[in-house]
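Visitor: Got a minute to walk me through this one? I'd like the overall picture, then some residues.

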Amino acid sequence: MSRAEPAEFVVDRQVWTSYRPFLDLGSVGVVLGGLLAAVTGPLALPMGSWAAAYLVLVVGVGQIVLAGGQAFVGGSDLASWRVWSEVMAWNLGSGIVLVGGMPGIPVVVAVGGLVLLAALVLFATAVRGGGAAVGLYRFFTLFLAASVAVGVGLSAVRHG
C-alpha cells in the first residue's frame, strides 16, 4: 500500500500581493505590542499590558491570520475595494477600541467593536465554496466575532 503524496498548497503571488497591507500592518502591530509590553512596567502604564496584548493578538496576529486564511482558502473576490475595505475596517476598528479601552470609555469600545464586526462580515463573505478549509475559516471569523462581543461586554461591565 503506497502513501498518497501530500497535497501541495500554493497561493498565487498576485493573491499574496493583494494581502500585503494586512501582513505589513499586522507585523507593525506585533512589533508595537512588543515594544509597549517592554515599557509598560517601567512606565507604570495601568492598561499597558492590555494594550500590548491587543496590539499583538488582534491588530497583529488576528489580521495576519484573517488575510492569510482568506488567501489560502481562495478569497475569490480580490477586488481592491474589498481588500482595502477589510484593511480599513479592521485597523480603524482596532484603533477605536484601543482609544476607548485605554481610558476605559465603553461606548467608544462598542463603536470600535461594531467596525470590527463589519470587517469580519467582509472577511467571512469574501471566501467562496465549501470544504473543510472554508468552514474552518468561517468558524474562525465567528470565534473572533464572539470575542469582540465579549470584549465589548467586559469593557461595559468594568468601566460602565
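Visitor: What share of the chain's residues is buried?
Guide: Of the 160 residues in the chain, 38% are buried. Keep in mind that this is a predicted model.

Visitor: And how many helices and strands?
Guide: Six helices and zero strands. From the N terminus the order reads α-α-α-α-α-α.

Visitor: What box do the C-alpha atoms fill?
Guide: Roughly 60 × 35 × 30 Å, taken along the principal axes.

Visitor: What about contacts between residues 24 or more positions apart?
Guide: They account for 73% of the contacts with a separation of 6 or more.

Visitor: How much area does the chain expose?
Guide: About 9,000 Å². Carbon and sulfur atoms supply 73% of that area.

Visitor: On to helix 6. What span should its residues give?
Guide: Helix 6 covers residues 132–159, which is 28 residues. At 1.5 Å a residue it should span 40 Å. Its end C-alpha atoms are 40 Å apart, so the two agree.

Visitor: Which of its residues are buried?
Guide: Val134, Tyr137, Thr141, Leu144, Ala145, Val148 and Ser155 in helix 6.

Visitor: What covers them?
Guide: The cover includes helix 3 (48–73), helix 4 (80–101) and helix 5 (106–126).

Visitor: And Phe143, where does that lie?
Guide: Phe143 is in helix 6 too. Phe143 counts as partly exposed, because its relative accessibility is 46%.

Visitor: How far is Phe143 from Gly41?
Guide: In sequence, 102 residues. In space, 31 Å from C-alpha to C-alpha.

Visitor: Switch to helix 3. Where does it bend?
Guide: At Gly62, by about 30°.

Visitor: How does its span come out?
Guide: Helix 3 has 26 residues, so at 1.5 Å each it should span 38 Å. The end C-alpha atoms are 35 Å apart, which agrees.

Visitor: What follows helix 3?
Guide: Gly74, with a positive phi near 95°.

Visitor: Gln63 caught my eye. Is it buried or exposed?
Guide: Buried, because its relative accessibility is 0%. Gln63 is found in helix 3.

Visitor: What does Gln63 touch?
Guide: Leaving out residues up to four places away in sequence, Gln63 touches Phe22, Leu25, Gly26, Val58, Trp90 and Asn91.

Visitor: Tell me about Gly26, then. Which helix holds it?
Guide: Helix 2. Gly26 has a relative accessible area of 0%, so it is buried.

Visitor: And which residues does Gly26 touch?
Guide: Val59, Gly60, Gln63 and Ile64, again not counting residues up to four places away in sequence.

Visitor: How far is Gly26 from Arg82?
Guide: The two are 56 residues apart in sequence. Their C-alpha atoms are 18 Å apart.

Visitor: Any charge pairing? How many salt bridges are there?
Guide: The count is one salt bridge. Arg20 forms a salt bridge with Asp24. Their closest N and O atoms are 3.3 Å apart.

Visitor: Why are those two about one helical turn apart?
Guide: Because Arg20 and Asp24 are four residues apart in helix 2. An α-helix has 3.6 residues a turn, so residues three or four places apart point the same way.

Visitor: Are Arg20 and Asp24 buried or exposed?
Guide: Arg20 counts as exposed, at 51% relative accessibility. That is just over the 50% cut-off. Asp24 is partly exposed, with a relative accessible area of 37%.

Visitor: Now the surface. Which residues form a nonpolar patch?
Guide: Val28, Val31, Leu32 and Leu35. Together they have about 350 Å² of accessible area.

Visitor: Where is Val28 placed?
Guide: In helix 2, residues 20–43. Val28 counts as partly exposed, because its relative accessibility is 44%.

Visitor: Last one: Ala44. What is its phi?
Guide: Positive, about 50°, although Ala44 is not a glycine.

Visitor: Where does Ala44 lie?
Guide: In the loop between helix 2 and helix 3. Ala44 counts as exposed, at 59% relative accessibility.

Conventions:
Residues numbered from 1 in each chain as written. Predicted model: local features only at pLDDT ≥ 70, side-chain atom pairs only at ≥ 80, totals over all residues. Heavy atoms only, no water. Expected span 1.5 Å × (residues − 1). Buried < 20%, exposed > 50% of the residue type's maximum accessible area, 1.4 Å probe, protein only. Contact = heavy atoms within 4.5 Å. Patch = residues over 30% accessible without salt bridge, like charges linked within 9 Å, V, L, I, M, F, W, Y side chains within 5 Å. Areas by Shrake-Rupley, 256 points an atom, 1.4 Å probe, with all protein chains shown as cover. Salt bridge = Lys/Arg side-chain N within 4 Å of Asp/Glu carboxyl O. Bend = angle between axes of the 7 residues up to and from the residue.
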